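Biologist: I would like to go through this model by question and answer. Please give the cut-offs as the terms come up.

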Amino acid sequence: MRLKDKVAIVTGAAGGIGLACAQRLASEGAKVVLSDVAVEQGERAAESIQETGADALFIACDVGDKGQVDALIAGTVAAFGRLDCVVANAGIVHACDFLDLEEADFDRVLRVNLKGVFLTGQAAARQMVAQGGGGTIINMSSVNAVMAIPSITPYVVAKGGVNQLTKTMSISLADKGIRVNGIGPGSIMTDVLKKVANDKSAMDKIMMRTPLGRVGEPDEIAKVAVFLASDDSSYITGQTIYPDGGRMALNYTMPVPE
Ligand SMILES: NC(=O)c1ccc[n+]([C@@H]2O[C@H](COP(=O)([O-])OP(=O)(O)OC[C@H]3O[C@@H](n4cnc5c(N)ncnc54)[C@H](O)[C@@H]3O)[C@@H](O)[C@H]2O)c1
C-alpha cells in the first residue's frame, strides 16, 4: 500500500477518470474525499468505495467557487484530520465553431477547467503548509494543452493554462515539500467518448492518431495519479505526464485496420 493513511481529495470524482483515481487512491490505502457538483452520483461513488472497506466520503463542491473549495478543504480536515494529496480533475467541454463561440461559454469553461484548478490547488496547498509535512498536487490536463482542436477552443486554452499553472505552483511550493505535477490524457473511454464509440468514422479519426491502436481506460490514468501521489515519484515536480497511447509522439497519421 503506497498511500497508507494518506488523505486525498479528488474533484470531479462522481464518474469517469476522477472516480477511477479515487478508487485507485483508496486501494493504495488513502482516505479519500470524492467531490463533484453531481451530488447523487458522487454520493453513490463514495458509497461504492466505502463498500470495499476503505474510508471514503462525498463532499459537494463547485470548483469554480472559492467559498465551496475552502469548505471542501475544511470538511476534509474535519473528517480525516489532514490533507496529503489533491487530484484537481473536474473539467467540462464546450464544442462549437470558433466564430460562433460565445463569451459566456468561454468564461464557463475557463472558470471550471482553469480557475477551478487554481482555487483547488491554492486552498489545498495552504492547508498542507499549515499542517506541515508536504504533500502532492496533481492537475488533470490533456494532450490538448499542447495540441489544438479548433472546435473546443476554451478547453484547449484552459488546459494550456493548467500546464503553466502546474509549473508555477511546483516552483512556488517546492521549498514547502509539496510536489505539483500534471497528467495529460489522450482519448480515454469516459462518457464523452462512449457517446461516439459506435460511430466508426469518429473512432477512426481517433485511431488514426493513436499509435497503441485503442483508447485508454480511466484506470490507466488513475495508475499515473497514484504514481504521482506516492513516493515512487519523489524527485518529480513541475512535470506533466501524457498517458496518450503515443499520440504526442506522432506527426501525421497511422493506418487504421478495417
Ligand atoms: N476522457 C478523456 O478522453 C480526457 C482526455 C483528456 C483529459 N481529460 C480530463 O480529465 C478530467 C475528467 O474527465 P472525464 O472524461 O472523466 O469527464 P467526466 O465528464 O466523466 O467527469 C468530469 C466530472 O467533473 C464534474 N464537474 C463538472 N463541473 C464541475 C465543477 N464546476 N465542480 C466540480 N465538479 C465538476 C462532472 O460532474 C463530472 O463528474 C477532465 O479534467 C478532462 O478534461 C479527459
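Biologist: Does Tyr252 count as buried or exposed, and at what relative accessibility?
Modeller: This is a predicted model in which residues are numbered from 1 along each chain as its sequence is written, local features need pLDDT of at least 70, side-chain atom pairs count only at pLDDT 80 or more, and totals for chains, interfaces and linings use all residues. Side-chain values use heavy atoms, with hydrogens and water left out. Buried means under 20% relative accessible area, exposed over 50%, and partly exposed in between (1.4 Å probe, protein chains only). Tyr252 therefore counts as exposed, at 67%.

Biologist: What is the phi of Tyr252, and where is the residue found?
Modeller: Most residues other than glycine have a negative phi. Tyr252 is not a glycine, yet its phi is positive, about 85°. Helices (H or I, at least four residues) and strands (E, at least two) are DSSP runs numbered from the N terminus. By that numbering, Tyr252 is in the segment after β7.

Biologist: Where is Asp5 found, and which accessibility class does Asp5 count in?
Modeller: Asp5 also has a positive phi, about 65°, although it is not a glycine. Asp5 is found in the segment before β1. Its relative accessibility is 47%, so Asp5 counts as partly exposed.

Biologist: What is the strand order of the sheet, and which are the edge strands?
Modeller: Two strands pair if DSSP finds at least two bridges between them. Seven strands form an open sheet with parallel pairing, in the order β3-β2-β1-β4-β5-β6-β7. Pairing on one side only marks the edge strands, β3 (56–60) and β7 (240–241).

Biologist: Which residues stand opposite Val86 in the strands beside β4?
Modeller: Strand β4 (residues 85–88) pairs in the parallel sense with β5 (residues 135–140) over four bridges. Three bridges join β4 to β1 (residues 7–11), again running parallel. Val86 stands opposite Ile137 in β5, and on the β1 strand the residue opposite Val86 is Ile9.

Biologist: Which residues of β4 are buried on each face?
Modeller: Both faces of this strand are covered. On one side the buried residues are Cys85 and Val87, and on the other Val86 and Ala88.

Biologist: Which strands does helix α8 touch, and what angle does its direction make with that of β6?
Modeller: Contact means heavy atoms within 4.5 Å. Helix α8 (residues 218–229) packs on the sheet and touches β4, β5, β6 (178–183) and β7. Axes are lines fitted to C-alpha atoms, for helices over the stretch in contact, with angles from 0 to 180 degrees between N-to-C directions. For α8 and β6 the angle is about 165°.

Biologist: Which residues is Asn139 in contact with, leaving aside its neighbours within four places in sequence?
Modeller: Asn139 lies in strand β5 and, at 0% relative accessibility, counts as buried. Its C-alpha is 12 Å from that of Ile221, a residue 82 places away in sequence. The contacts of Asn139 are Ala88, Val117, Val162, Thr166, Met169, Val180, Asn181, Gly182 and Ile183.

Biologist: Which residues does Asp105 contact, again leaving aside neighbours within four places in sequence?
Modeller: Asp105 lies in helix α4. With a relative accessible area of 17%, Asp105 is buried. Its contacts are His94 and Pro154.

Biologist: Which helix gives the largest share of the lining of the largest cavity?
Modeller: On a 1 Å grid over the protein atoms alone, a cavity is a set of points where a 1.4 Å probe fits but cannot get out, and a pocket is an open set with protein on both sides within 12 Å along at least five of seven lines; lining residues have an atom within 4 Å of a point. The largest cavity is lined by Lys66, Val69, Asp70, Leu119, Gln122, Ala123 and Arg126. At least two of these residues come from each of α3 (66–80) and α4 (103–131). The largest share, four residues, comes from α4.

Biologist: Which residues lie nearest the centre of the second largest pocket?
Modeller: The lining of this pocket has 19 residues, divided into six nonpolar, seven polar and six charged. Here Ala, Val, Leu, Ile, Met, Phe, Trp, Tyr, Cys and Pro count as nonpolar, Asp, Glu, Lys and Arg as charged, and the others, Gly among them, as polar. Nearest the centre lie Lys6, Gly135, Thr136, Ala229 and Asp231.
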